[in-house]
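Biologist: I should like to learn how to read the features of a structural model. May we go through one together?
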Amino acid sequence: MSWGTELWDQFDNLDKHTQWGIDFLERYAKFVKERLEVEQNYAKQLRNLVKKYCPKRSKDEEPRFTSCLSFYSILNELNDYAGQREVVAEEMAHKVYGELMRYSQDLKTERKHHLQEGRKAQQYLDHCWKQMDNSKRKFERECKEAEKSQITYDKLDNDINATKSEVEKAKAQFYLRTHMADESKNEYAAQLQNFNAEQWKHFNNAIPHIFKNLQDMDERRTVKLGETYRSFAEAERRVIPIVSKCLEGMVSAAKAVDERRDSSIVVESFKSGFEPPGDFPFEDFSQNLSRTGSDGTISSTPKGERDRDGPPGSRSDPKHQMSKTKNKLWLFGKKPKAPSLEDFSHLPPEQRRKRLQQRIDELSKELQKEMDQRDALNKMKDVYEKNPQMGDPSSLQPKISETICNMEKLRSEIHKNETWLSEVEGKQSSRGDRRHSADNHHHTPQGRESPEGSYTDDTSQEHHTPHHRTSPPQPGHPNPDPHEFDDEFDDDDPLPVIGHCKALYSFDGQNEGTLVMAEDEVLYIIEEDKGDGWTRARKQSGEEGYVPTSYVEITMEKNSKGAVTYI
């Protein structure tokens, strides 16, 4: 239905209705604003909650229990969920609230324009009506005046006492008033015809056109509300897939809780490696009492104790047993505080082994970084030597020397910690063998690391004084076991050559498996350094053995697989 034809006389009501429509739109916009503020506050509270319960300790201090890790995973998923609530609020702010407020301003401007046109048309019609009404009243007055003048004229004309001049004057006045009444009549007729025409235009053209514009505006407002209702729901529906993934992640975290794994972590974290304390021996304080008669005899030891203790020669020293037991009583009470030592000897064996292994891993990573830096500097030096305009090769030598020095220090630290680790593992291994079988003796070597990762009891170190250079410290000596190297060097097929090296210093090669070399001697590389400081080389005569990696300058073949350059 059209407002122009059905509501031609309801201008004021349409004015109120359109104003109500804009007010309703702004009310809905206010609702959306408060709704997105709820989402923003909800997301903020969720993030604060996650932050409150997130671990504040470093990763190394965090517990590794599956229940804790799952809880932290749930916190991460909840944080992502909070992010999705923020996305919902942002979508509502831009696509719903912001759009509604912009559209509301446009509606106000358009409504104001249409109402002004309607008021102008109404004002013009009122003006036409006033002109017609004025002409009507004037016509009415002139007619009354003409009637009065006619009555006066007729009265004087019938009066025998009236003079002729008075009659003539009344007659002229009568004719004048009659003429003015005729003119007023014509003017009134013209104004009436004009008003009727303008009124027809007003109610059949102007007002329907204005009301149609108002109707279009109101219908567009209704459509916009429907679109924003849909956008309001779409803002929620768009995040449902990601929210579902967050919830699935929480369920997966719950399924990842493993009570057996947590129990094993407790064992790994607190296992000391000590043996449980032995039985307390029976201390007989009645040995000095006299024994006379069977009734007065006091048994020196309970029968059970005599049977278990065996012959006198096999009994252990009570004082030794007591002191040994007292030293371990802290396992069941409060652990005494011990100073932190470099070799972690203040810790129980199992914890000491873990700490040493952790330190070795950290030092190995630092060593690898230094080795990578050295390789990069060597490549840069080669580029400078081939292209002097790019830089001075000698300017890199101090940095290369510093890197090599750092590498040797790290290797020394690694070797020192590996020695302590070998000592701990050796003690634990021998303790375990004694616990399982008294006849199965296990020898745990202590000493320096060989190229194959074994240890030797030889604690002496080789000291070599090169003719022109000061030699760096050597790595741990190779294992002196001759069978190990016999197996390695007695292969029918010799190892392929993967590079060559030049001796920077002379090396005596006194240990089994090492190779004697002179300064500036060129050797073939058949096995690269495995991280223990030793490189396997072959002389031109065919003799093979290990040489310290820091004593040679190595160049690996480009086509050798896994080649690494060590200096």
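Biologist: Does Ser272 count as buried or exposed?

Modeller: This is a predicted model, and the answer follows from a cut-off. Burial means a relative accessible area under 20%. Ser272 has a relative accessibility of 13%, so it counts as buried. Its place is the loop between α6 (259-270) and α7 (303-309).

Biologist: What separation do the C-alpha atoms of Ser272 and Arg352 have?

Modeller: They are separated by 8.7 Å, although the two residues are 80 apart along the chain.

Biologist: Let us turn to the sheet. In what order do the strands lie?

Modeller: Strands of a sheet pair through backbone hydrogen bonds, in either a parallel or an antiparallel sense. Here five strands form an open sheet with the order β4-β3-β2-β1-β5, and the pairing is antiparallel. The edges are β4 (544-548) and β5 (552-556), each of which pairs on one side only. From one strand to the next, the twist averages 40°.

Biologist: How many bridges join β1 and β5?

Modeller: Strand β1, residues 499-503, pairs with β5 over five bridges in the antiparallel sense. Within these strands, Cys501 stands opposite Ile554 of β5.

Biologist: Which residue in the loop between β1 and β2 has a positive phi without being a glycine?

Modeller: The general idea is that most residues other than glycine have a negative phi. Asp520 has a positive phi of about 70°, yet it is not a glycine. Asp520 lies in the loop between β1 and β2. With a relative accessible area of 42%, Asp520 is partly exposed.

Biologist: How many aromatic pairs are there, by the ring-centre rule?

Modeller: Ring centres must lie within 6.5 Å for a pair, and by this rule the count comes to twelve. One of them is Tyr28 with Phe31, a stacked pair with 6.0 Å from centre to centre and 25° between the planes. Both residues belong to helix α2 (residues 11-53), three residues apart, about one turn of the helix. Tyr28 is buried at a relative accessible area of 10%, whereas Phe31 is partly exposed at 43%.

Biologist: Why is the pair of Phe507 and Trp534 edge-to-face?

Modeller: The deciding quantity is the angle between the planes, and over 60 degrees counts as edge-to-face. The ring planes of Phe507 and Trp534 stand at 65°, with the centres 6.2 Å apart, so the pair is edge-to-face. This pair links distant parts of the chain, 27 residues apart: Phe507 is in the loop between β1 and β2 (522-527), and Trp534 is in strand β3 (residues 534-538). Phe507 is buried, with a relative accessible area of 3%, and Trp534 is buried at 1%.

Biologist: Which residues form one aromatic cluster with Tyr28 and Phe31?

Modeller: Tyr229 and Phe232 join them in one cluster. A ring may also have a charge over it. The charged end of Lys224 sits over the ring of Tyr103, at 5.3 Å from the ring centre.

Biologist: Finally, at what angle do the axes of α2 and α3 cross?

Modeller: The axes of α2 and helix α3 (residues 66-157) come within 8 Å and cross at roughly 165°. Angles over 145 degrees count as roughly antiparallel, so α2 is roughly antiparallel to α3. Their crossing is left-handed.

Definitions and conventions. Residues are numbered from 1 along each chain as its sequence is written. This is a predicted model: local features need pLDDT of at least 70, side-chain atom pairs count only at pLDDT 80 or more; totals for chains, interfaces and linings use all residues. Side-chain values use heavy atoms; hydrogens and water are left out. Two strands pair if DSSP finds at least two bridges between them. Helices (H or I, at least four residues) and strands (E, at least two) are DSSP runs, numbered from the N terminus. Axes are lines fitted to C-alpha atoms, for helices over the stretch in contact, and angles run from 0 to 180 degrees between N-to-C directions. Rings of Phe, Tyr and Trp (its six-membered ring) pair if their centres lie within 6.5 Å; planes under 30 degrees apart count as stacked, over 60 as edge-to-face and the rest as tilted. Buried means under 20% relative accessible area, exposed over 50%, partly exposed in between (1.4 Å probe, protein chains only). A charge sits over a ring if NZ of Lys or CZ of Arg is within 6 Å of the ring centre and within 35 degrees of the ring normal. Angles under 35 degrees count as roughly parallel, over 145 as roughly antiparallel, 65 to 115 as roughly perpendicular and the rest as oblique. A crossing is left-handed if the near helix is turned anticlockwise from the far one by less than a right angle, and right-handed if clockwise.
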